[in-house]
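Visitor: I would like a close look at one part of this structure, the place where the ligand and the metal ions are held. Please describe how the protein surrounds them.

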Amino acid sequence: MGYVDLHLHTTASDGVKTPSEMVRYAKYKGLQAIAITDHDTIEGLGEGLAEGERIGFEVIPGIEISAEHSPGSMHLLGYFIDTSDSLLNERLKYLQKAREERNPRMVEKLNQLGVHITYEEVLKVSGGGQVGRPHFAQVLIEKKYVKNFQEAFDRYLKKGAPAYVDKLRFTPAEAIRFIQEARGVAVLGHPNTLGLNGYGELERLIADLIKVGLKGIEVFYPEHSASEIAQYKGLAERYGLVTTGGTDYHGLEKEGLDVGVGKGDMKLPYSIVETLKTVRNQS
Ligand code: AMP
Ligand code: ZN
Ligand code: FE
Ligand code: FE
């Protein structure tokens, strides 16, 4: 059995490779399957699935939805979603609009801070896909306002930084329900970004999310420490959740990260995909 990567971004959101390039690259890297999980959009899935068919490579239609949460951020992954589900498409359009309202406001804030960039420059960098903060970061780097991605986020773009503007999100229960309505399996992405205080808080959150349909937890992730991985595995076992993983490869901002292997030490067996399929067919 081969290996998989279940968390990847393409040009449909803030990744660098087009969906077809991603699929070809994953095959070239010797993987057995990937999931494309762009932020709040399924626009890249048609192309990715078609390329998979063409070259004989398994592509799982996925998504990563940002949900309302504080103090950190909550991302819910959806696997095996039905891309033709018109309800999901409609709901995602709502998020696109929210982004289109937020983005120019971030440009305004940057301008007020003496950072002279235009929305056209950001749009150009985004290459026609959905616009996100990594595109702002890229413009800031190109125009020499910052040295790298981390500085762009720390000084301007991260939650709470001076150019940050929040955007409308779904609640966790809504995001999970929308994934389920499109026949997808909902998984809590990288729990280490939730900003929770200790095991107890995470356990309570997970118990609540399970009540509204959560089926899995992303345990294997490049930014998770060994002790976090152990903790998330324990929670998954205790609550009967599927343990998934992926690199969250975007292709640009996270240097030293590659598809399928993350920082070099990731190995996710194809059996994860089989378990996800079983869970999907049970619900
Ligand atoms: P957006 O879709 O505009 O909310 O941007 C979200 C993306 O920005 C995430 O997927 C990350 O790639 C990146 N990002 C968010 N927060 C940070 C941070 N503190 N440091 C670096 N990158 C970040
Ligand atoms: Zn991203
Ligand atoms: Fe994420
Ligand atoms: Fe991601």
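**The ligand and metal sites**

Guide: In this predicted model, H39 is a suitable place to begin: its relative accessible area is 11%, and it is therefore buried, the cut-off being under 20%. H39 takes part in two sites. In the first, a polar side-chain atom of H39 lies 2.8 Å from an oxygen atom of ligand 1. In the second, H39 serves through NE2 as a donor to the zinc ion (ligand 2).

The zinc site may be taken next. Its protein donors are D14, listed with two OD atoms, together with H39 (NE2) and H250 (NE2), and they lie 2.0 to 2.7 Å from the ion. Along the sequence, these donor residues follow the spacing D-x24-H-x210-H. H39 belongs to the loop between β2 (33-36) and α2 (45-55), while H250 belongs to the loop between β7 (242-245) and α10 (271-282), so the two histidines tie together parts that are 211 residues apart in sequence. H250 also counts as buried, with a relative accessibility of 4%.

From the zinc ion (ligand 2), the iron ion (ligand 4) is separated by 4.9 Å. Ligand 4 in turn lies 3.3 Å from the iron ion (ligand 3), and E64 bridges these two iron ions. Ligand 3 is coordinated by E64 (OE), H75 (ND1) and H190 (NE2) at 2.0 to 2.2 Å, with the donor residues spaced E-x10-H-x114-H in sequence. E64 is in strand β3 (residues 58-67) and H75 in strand β4 (residues 74-79), so this pair ties together parts that are 11 residues apart in sequence. Both E64 and H75 are buried.

There remains ligand 1, which is surrounded by 13 residues, the closest being H39, R99, R102, R133 and K167. Besides the contact from H39, a polar side-chain atom of R99 lies 3.0 Å from an oxygen atom of the ligand. R133 contributes through its backbone, with a polar atom 2.8 Å from a ligand oxygen. Of the 500 Å² of accessible area that ligand 1 has on its own, the protein covers 80%. Two or more residues of the shell come from each of α3 (86-112), α5 (133-142) and α6 (149-157). By class, the shell comprises seven charged, four polar and two nonpolar residues. Domain 1 (3-91 + 168-282) and domain 2 (101-157) each supply at least three of the shell residues.

Note on methods:
Residues numbered from 1 in each chain as written. Chains lettered and ligands numbered in written order. Predicted model: local features only at pLDDT ≥ 70, side-chain atom pairs only at ≥ 80, totals over all residues. Heavy atoms only, no water. Near = heavy atom within 4 Å. Polar contact = N/O pair within 3.5 Å; in protein donor to acceptor, adjacent residues only side chain to side chain. Areas by Shrake-Rupley, 256 points an atom, 1.4 Å probe, with all protein chains shown as cover. Helix = DSSP H or I, 4+ residues; strand = E, 2+ residues; numbered from the N terminus. Nonpolar A, V, L, I, M, F, W, Y, C, P; charged D, E, K, R; others polar. Domains from an automatic or database assignment. Donors = N, O, S within 2.8 Å, 3.2 Å for Na, K, Ca; no water. Buried < 20%, exposed > 50% of the residue type's maximum accessible area, 1.4 Å probe, protein only.
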